[in-house]
Amino acid sequence: MESLWRAATGSWSSTTEESHGGVEFWTNPERTGWLTKQGEYIKTWRRRWFVLKQGKLFWFKESVVSRSSRPRGVIPVGTCLTVKGADDVLNRQFAFMLSTPTETMYFIADTEKEKEDWINSIGRSIVQHSRSVTDSEVVDYDSKPGDK
């Protein structure tokens, strides 16, 4: 029954309170923006507002996100294996994909810069929240050699 509900709502994972993991997605997100997302079961393309915070990628119908907002879906990025460009896979500009061991999700940004920014932010979050990486092994992609 849950898979039927997921097919109807287009959500990758449950959007119950537990799936939010106590993340206050409405304040100080790491990245936000509009992306066009392909549905998991019904392969239509829909424009959604995305919020990346504390290892979770949430999406909403509207860009105004508050405490009372309910995500249409959430992806725990720590379970993701890769995030990379997919222009050639979809034959569409500014496309990228996010893969877990069992699923691949496709997105389209509005510009090349937004695509690269999302790939970098999600990639950093995957590294930081991956179960196989300890805190001491987290890489700071923003620092330059010699920075202290």
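In this predicted model, strands β6 and β7 (residues 104–108) run antiparallel and are joined by five bridges. Ala95 of β6 has Ile108 as its bridge partner in β7. A hairpin of four residues links β6 to β7.

β6 also has a partnership with β5 (residues 82–85): four bridges join these antiparallel strands. Here Val83 is matched with Leu98 in β6. The two pairings look like this:

| Strand pair | Bridges | Direction | Example partners |
|---|---|---|---|
| β5 and β6 | four bridges | antiparallel | Val83 and Leu98 |
| β6 and β7 | five bridges | antiparallel | Ala95 and Ile108 |

So how covered is β6 (residues 95–99)? Mostly: five of its five residues are buried. In a regular strand, side chains alternate between the two faces of the sheet. In β6, one side carries Ala95, Met97 and Ser99, the other Phe96 and Leu98, and both faces are covered.

Now for a helix that packs against β6. The buried residues of α4 pack against β6 and β5, and also against β1 (31–38), β2 (45–53), β3 (56–60) and α3 (87–90). Which residues of α4 are buried? They are Lys115, Trp118, Ile119, Ser121, Ile122, Gly123, Ser125, Ile126 and Val127. An α-helix has 3.6 residues a turn, so residues three or four places apart point the same way.

As for its dimensions, α4 (residues 112–129) has 18 residues and reaches 26 Å from its first C-alpha to its last, close to the 26 Å expected at 1.5 Å a residue.

Terms used:
Residues numbered from 1 in each chain as written. Predicted model: local features only at pLDDT ≥ 70, side-chain atom pairs only at ≥ 80, totals over all residues. Heavy atoms only, no water. Buried < 20%, exposed > 50% of the residue type's maximum accessible area, 1.4 Å probe, protein only. Helix = DSSP H or I, 4+ residues; strand = E, 2+ residues; numbered from the N terminus. Pairing = 2+ DSSP bridges. Expected span 1.5 Å × (residues − 1). Contact = heavy atoms within 4.5 Å.
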